Amino acid sequence: MPSIDDLFTHNRAWAAQMERDRPGFFTGLTKQQKPKFMWIGCSDSRVPANQITGLDPGEVFVHRNVANVVVHSDLNALSTVQFAVEMLKVQHIMIVGHYGCGGVAAALHGERIGLADNWIRHIQDVRDRHRGILENIAPEKRADALVDLNVIEQVVNLCVSTVMVDAWAKHQNVTIHGWAFGVNDGLLQDLGMTVNSTDSIEPVYRAAIQGVIAARS
């Protein structure tokens, strides 16, 4: 495992290589950031937004927490979204789960972790809401199915937040996407939960849920 000193060594090597390959790169970063994309993902160290999407620093605004949860009591997440939407004028917000998520697995099996149990309770709510679906899926596929379902429900939570309701009421061009990332193959999966207006939430939600059932049956 690298040491703290190794991190500084790697940083200096990376910065020097970037400047050789792209002269003026860091000068450009000092200007106002104007990303088109926002990524809301899991804190898992295996899911780095920039590397997965091939985007440079400055091109994606990022918020991460355990199991990519968006809830109305989380002022941190909502403040970040508001800044992205109102100040940066992002055009796309991706809520991205990942297969093999420890938080989702804990919620699925009712495992106790500690203080994080209170946070994972939000995912258990998703589990309970879709218990009928999960019980009709093979046990070995349930964790991946709950990852998908959790993403879909978090997209809904974001869509009905005051930030997005107000943005869409003003006809702001912002689309929310629900994706999942495969740690085993490095590929993103579109879960079909793509919403660009308040009116489209319900039909897109129903279709996305059916997509999970079809994919995991």
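Asn-68 is buried in this predicted model, with a relative accessible area of 2%. The residue sits in the loop between strand 2 (60-65) and helix 4 (75-87). Its backbone is noteworthy as well: phi of Asn-68 is near 45°, a positive value in a residue other than glycine. Most residues other than glycine have a negative phi.

Lys-89 also has a positive phi, near 60°, and is likewise a residue other than glycine. Lys-89 is placed in the loop between helix 4 and strand 3 (92-99). With 49% relative accessibility, Lys-89 counts as partly exposed. A positive phi, near 65°, is found in Gly-110 too, the residue that follows helix 5.

**The nonpolar cores**

The largest nonpolar core of the model has 54 residues. Within this core, the residues with the most contacts are Val-85, Ile-93, Leu-158 and Met-193. Helix 8 (residues 142-159) gives the most to the core, contributing 10 residues. A second core, separate from this one, has 10 residues, including Ala-49, Ile-52, Val-60 and Phe-181.

What surrounds Met-193? When residues up to four places away in sequence are not counted, Met-193 touches Ile-152, Val-155, Val-156, Ile-176, His-177, Gly-178, Ile-201, Val-204, Tyr-205 and Ala-208.

Helix 5 (residues 102-109) offers a further view of the interior. Its residues Gly-103, Val-104, Ala-106, Ala-107 and Leu-108 are buried. The cover over the buried residues of helix 5 includes helix 6 (117-129), helix 7 (131-135) and helix 8.

**The cysteines**

How many disulfides does the structure contain? The count comes to zero. A disulfide is a covalent bond between the sulfur atoms of two cysteines. For Cys-42, the closest cysteine sulfur is that of Cys-101, at 4.2 Å, which is too far for a bond. The cut-off applied here requires the two sulfur atoms to be within 2.5 Å. Seen from Cys-101, the closest cysteine sulfur is in Cys-42, at 4.2 Å, so no bond is assigned. Cys-42 is buried, with a relative accessible area of 6%, and Cys-101 is also buried, at 5% relative accessibility.

**Salt bridges**

The structure holds 10 salt bridges. The table presents some of these pairs.

| Salt bridge | Closest N and O atoms |
|---|---|
| Arg-121 and Asp-128 | 2.9 Å |
| Asp-148 and Arg-216 | 3.0 Å |
| Arg-206 and Glu-202 | 3.3 Å |

Are Asp-148 and Arg-216 buried or exposed? Both residues are buried. This pair, whose closest N and O atoms are 3.0 Å apart, links distant parts of the chain, with Asp-148 in helix 8 and Arg-216 in helix 10 (residues 201-216), 68 residues apart.

Arg-206 and Glu-202, by contrast, both lie in helix 10, four residues apart, which is about one turn of the helix. Arg-206 is partly exposed, with a relative accessible area of 48%, and Glu-202 is partly exposed, with a value of 44%.

The pair formed by Arg-121 and Asp-128 is also partly exposed: the relative accessible area is 34% for Arg-121 and 31% for Asp-128. These two residues belong to a network of salt bridges that links Arg-121, Asp-125, Arg-127, Asp-128 and Arg-131.

**The surface and the start of the chain**

Which residues form a nonpolar patch on the surface? The patch is formed by Ile-4, Leu-7 and Phe-8, which together have about 320 Å² of accessible area. Leu-7 lies in helix 1 (residues 4-21) and counts as partly exposed, at 47% relative accessibility.

Met-1 is found in the segment before helix 1. This residue is exposed, with a relative accessible area of 98%. The C-alpha atoms of Met-1 and Ile-209 are separated by 41 Å, and the two residues are 208 residues apart along the chain.

Note on methods:
Residues are numbered from 1 along each chain as its sequence is written. This is a predicted model: local features need pLDDT of at least 70, side-chain atom pairs count only at pLDDT 80 or more; totals for chains, interfaces and linings use all residues. Side-chain values use heavy atoms; hydrogens and water are left out. A nonpolar core is a set of buried Ala, Val, Leu, Ile, Met, Phe, Trp, Tyr and Cys residues joined through side-chain atoms within 4.5 Å. Buried means under 20% relative accessible area, exposed over 50%, partly exposed in between (1.4 Å probe, protein chains only). Helices (H or I, at least four residues) and strands (E, at least two) are DSSP runs, numbered from the N terminus. Contact means heavy atoms within 4.5 Å. Patches are made of residues with over 30% relative accessible area and no salt bridge: like charges are joined within 9 Å, nonpolar side chains (Val, Leu, Ile, Met, Phe, Trp, Tyr) within 5 Å. Accessible areas come from the Shrake-Rupley method with a 1.4 Å probe; for residues, only the protein chains shown count as cover. A salt bridge is a side-chain nitrogen of Lys or Arg within 4 Å of a carboxyl oxygen of Asp or Glu.
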